[in-house]
Amino acid sequence: MRFYSILYRTPDDEAERRSADAAPEYFVDLALDQIVTGITAGREAYRLEADFQLPLSDPDAILYRQEVVRELQRDGVYDAVTSFADAMVAMRERLAARDAAHYRYQRDRWFLEAILTYVRAVRGLTAELGATEPRSRGISGLLAYLGRLTSSDAFMSLAAGAEDLRTAIDEIVYDVLIQGNTVKVRTYAGEADYSAQVLATFEKFETSAPKDYRAKFRDHATMNHVEAQILDAVARLHPDTFARLHDFCQERRDFLDDRIAAFDREAQFYLATLERVRVLERDTGLRFSLPELAPSWGGTFAETMFDAALAIKVRDEHPVVANDVRLDGDERLIVVTGPNQGGKTTFARAFGQLHYLAALGLPVPAAAARVHPFDGLYTHFEREEHVEDLRGKLHEELVRVHDLVERATNDSLVIMNEAFSSTTASDALLLSREVLRRIDARGTLGLVVTFLDELASLHERTVSMVGTVDPEDPAVRTFRIVRRPADGRAYAIAIARKYGLTRDALSERLPA
Amino acid sequence: MNVLLMDRERDFDASRSLPWNFDDVVADLGLSWIFDAMAGGDEVIDAVVRRAFAGSLTDVDAILYRQAALKDALRNPEAVRALYDLASSTVEDERRHYFGLLKDHPDTILRRSVEVMAMFAERLRALRTIAEQHVTAFESEAFDRLFLEVQTELDDTYLARIDAHLKDLRFRGGIPLSARLGPGNVGSEYVLREPNEPEGGFFKRLLTRGPATFSFTIPERDEGGFRALDELRDRGVNDVANALAQSNDHILGFFRALRDELAFYVGAIRLHGRLAAKREPTCMPSPRPTGEGRRTFQALYDPALSLQIAERTVPNDLDADGKDLIVTTGANHGGKSTFLRALGIAQLMTQCGLFAPAHAATLSVSAGLYSHFKREEDVNLESGKFDEELARMSDIVEQLEPGSLLLLNESFSSTNEREGSEIARQIVSTLLERGVSIHFVTHLYDFARSMHETRDEHHLFLRVSRSESGARSFKLEVAAPLPTSFGEDLYQEVFGEAPGDPEVAPAAPMLGREDGAPAEGATGND
């Protein structure tokens, strides 16, 4: 199969990316926008957002990327690709210098330098990758492409032409005589280095630590008009070389190979992620890993799963708590209950992120995991609009939920967080039961965060998970979510007592 | 090029800091009189001789090296003076050209450096002339070496080369550079090229037909253009301006070192002159290694004292070979302290490579000279004085090593004689065991007597001699210590009999009653 890209096996795979113009609806709910921003920070020029916004559902397409990730985790490969990326940055700097320059001979020279940097980068990548003997389809495909490219006539003549020109320019030495405000330029005629002679004369008075009176000169990116006139004169002294330079630059305007340019961009998809993963692992002590892919929801699990967006935000200031989750047999619904601010929503987000990042073919925030690729991900998180009309709010919520239920399939994942909170508990219970039954009928995987303990024992395929508190002080949350029947509301009383808000305490505090 | 007039191996460092106790030694020995006589108001000489005294030489060869140079200087004072003036004025003149050179453009640095170098070239020529005139009259290794080096290094060829460079470095024909094309084809690797080549040179080739030359001129109002041109010029002359400025620094360093070392000899010549004018004897002392324990003088005197008074001082002879302890006792104002000072000054002057204040002198070098003199201003202070003495002593002990010389003048007298003697005994005997040589002027009779009774052949006891008439002679003689208070005589006077007379029963102790009235049976003057 001819190499196409390290992100997509075929142009068809990529077509969807080109058509998507916005992030999926659930991006903000699951804090995926923060993760993507965290990953791409500093690399905005590569325009990777669109690639991060397209989850893959074909297991082989996911595997294709996982292979590349594993490949890049080998030292030699990682170094080769990052060196190449750095060289491409240097090439773009030279192109930018060319754009900023006014004088023709300056522009041509910068363009030549850009070409030389490009040639060096491509040759370097070919050699270094070749030495690592890549195994992934993506990288070995790339290497084959590089081999063909570097041995092509077009590339070789580009390289040879550029190198010849550079040699010719390097050989130019010219004389400049400054007489008052006149400048005379002529070919160098072999005069001796005068500074060396002066130094030799006064050597006999040398002491050990002389003061340095030399001025430091900054190199200017742009040329002033005096230098430009000198350069003009030099060009007239060497008309052939400068004409050849100009022609070469004109001919080779499109020297940059499309596939290579694309690779430079796509490599950053992986490099940025791996770099961010390394930092998060170092800061939190938690691990990322490439998940196994399962053919169905059965056997889904994650070990020490955590919210990557939270980890990025808090860095090493607070410890980030990780939790385990698993689905045995035909379990298809996870109901998470427990105290407020106890980490339930974070847990739900982590579960969503786990699946989404897996669908990008990237490492997921868990030490080990097995996931089933989804064909659709639907979230329903409480929106913050302060609608005064509670009835209107409930209506709007029901419409959204209905839409969600209609679209879900048995390969879909639904995550709901505190649904129907704008109505009475009994209404909420009724509505929730209904919705969850429908979802269950479709075989969709659901994770529901709720204050309705009853849902935790809805049917045999329900997994109850509870946010725990510190047994010594119920006001302290551990942020650990464990598999357990729902608690009821025992914890609420203890907290109330602590703040003097139990009936007895309040009676004493308030005057009769 | 090095000066090496004061030391065979290295130039004298006039900026090194003085040792911690130097002020004490200067005050105790009255050295300021000597420094002032040497300097004659010249601050440079004052600083140099102070450091020379402080940086005592302990190597016999090093001392002889300097003595030889000193002999030359004493024989040729005008030549030395002329050299000193030349070096001094050169250093002064350079200072006038220097203002904030470091912040200037290379072009400015170059122009100033050319001026200074031109001045230096003239002085180097003058230096060579003096060297040529006087080389035959000087015999010491130090001066011979210097004169020879000056003649060889600063020969006509070399001086002509300097002149040629100076002419070229004014760049009257313009600044010639070569360059290559750097990134973006901006000129880089500017190298200054030789303006006047043997075959024709840069300028000559301009006038002959040859390869094309393209030129352009910056218009008058183009300030940006002039700035660009200035920077180009600066880049071109950067290295050579630096080279010239550094060379100037080097030459200045040479003249400064020359000035400093000659300052020492100028000062010595002056001191010699002052003493000779009073017909006080001086001699080149014979330095010996520490281990030999030599110390003999003929007609040793205190030169600092001599500089203060109109008359001649009273000299003393001394034979203290093999003695590590000299104890001097006797009546006050008898010349004890003066002699102590004379010994200290003679030691320092010898270890400076100077002449000694004596008719003849042979002495071993010491590893450091320390003085612990009674402080005059402390005389009326009550509490803490003994503390102060001991604290000072302790500081000195920190620095002592075998071979050190310690001068004690009335030390430990701020407490009663018994205690003072005990402390003195302990300190002195311990230090002697550790190889320190001690000269002690003291009234602590108990101490002096007990040391004398050891009959140690390495101890020497001197005493102020009094003539029959009781007049002071300022002469010292070798003699055992005498008790200074004449208690026996007084007792005799009061009691009418000598103390300890066996025929008289010891008197009962005089008791008093509580109300102060004498007890019954108490004797009195009946």
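## Notes on a predicted two-chain model

1. Let me start with a pair in chain B: B:Phe297 lies opposite B:Leu318, a residue of strand S6(B). Please keep in mind that the model is predicted. The strands around this pair are S5(B), residues 295-300, and S6(B), which are antiparallel and joined by 3 bridges.

2. Where does that strand pair belong? S5 and S6 are part of an open sheet of 4 strands in chain B, with the order S4-S8-S5-S6 and mixed pairing. The edges are taken by S4 (286-288) and S6 (316-319); each has a single partner strand, so one side of each has no neighbour in the sheet. On average, neighbouring strands are turned by 15° against each other, direction ignored. Helix H12(B) packs on this sheet, where it touches S5, S6 and S8 (360-364), and its direction makes about 110° with that of S5(B).

3. If you would like one residue to look at in that helix, try B:Phe339, which is placed in H12(B), residues 336-350. Is B:Phe339 buried or exposed? Its relative accessible area is 5%, so with a cut-off of under 20% it counts as buried. Beyond its neighbours within four places in sequence, B:Phe339 contacts B:Leu300, B:Asn316, B:Leu318, B:Leu462 and B:Leu476. One of these, B:Leu318, is the residue that stands opposite B:Phe297. There is also a link across the sequence: B:Phe339 and B:Lys475 are 136 residues apart along the chain, while their C-alpha atoms are separated by 9.1 Å.

4. Turning to chain A, I would look at strand S11(A), residues 462-469, where 7 of the 8 residues are buried. S11(A) is paired with two strands that I can point you to. With S6(A), residues 333-337, the pairing is parallel and runs over 5 bridges; A:Val335 has A:Ser464 as its bridge partner in S11(A). With S12(A), residues 477-483, the pairing is antiparallel and has 4 bridges; here A:Met465 has A:Arg483 as its partner.

5. A:Arg483 is worth a second look, as its side chain also meets that of A:Asp328 in a salt bridge, at 3.8 Å from N to O. This pair connects distant parts of the chain: A:Arg483 is in S12 of chain A, A:Asp328 is in the loop between S5 (323-326) and S6, and their positions lie 155 residues apart in sequence. A:Arg483 is partly exposed at 33% relative accessible area, and A:Asp328 is partly exposed at 34%.

6. How many salt bridges are found over all chains? The search gives 49. Among them is the one between A:Arg166 and A:Glu113, whose closest N and O atoms are 3.2 Å apart. It joins two helices, with A:Arg166 in H8(A), residues 153-170, and A:Glu113 in H6(A), residues 104-132, 53 residues apart. The two ends are covered to unlike degrees: A:Arg166 is partly exposed at 26% relative accessibility, whereas A:Glu113 is buried at 9%.

7. Chain B offers a further example, the salt bridge of B:Arg10 with B:Asp7, with 3.8 Å between the closest N and O atoms. B:Arg10 is exposed, at 52% relative accessible area, and B:Asp7 is buried, at 16%. Back in chain A, A:Arg9, A:Asp58, A:Asp60, A:Glu67 and A:Arg137 are joined into one network by salt bridges that share partners.

8. In case you are wondering about cysteines: a disulfide is a covalent bond between the sulfur atoms of two cysteines. The search of the whole structure finds 0 of them over all chains. Two cysteines that you may want to view are A:Cys249, buried at 4% relative accessibility, and B:Cys283, buried at 13%.

9. Finally, the interface. What area do chain A and chain B bury between them? The value is about 6500 Å², with 60% of it on carbon and sulfur atoms. Chain A brings 63 residues to the contact and chain B brings 74. The number of salt bridges between the two chains is 0.

Notes: Residues numbered from 1 in each chain as written. Chains lettered and ligands numbered in written order. Predicted model: local features only at pLDDT ≥ 70, side-chain atom pairs only at ≥ 80, totals over all residues. Heavy atoms only, no water. Buried < 20%, exposed > 50% of the residue type's maximum accessible area, 1.4 Å probe, protein only. Pairing = 2+ DSSP bridges. Contact = heavy atoms within 4.5 Å. Axes fitted to C-alpha atoms, helices over the stretch in contact; angles between N-to-C directions. Disulfide = S-S within 2.5 Å. Salt bridge = Lys/Arg side-chain N within 4 Å of Asp/Glu carboxyl O. Buried area = accessible area lost by both parts, 1.4 Å probe.
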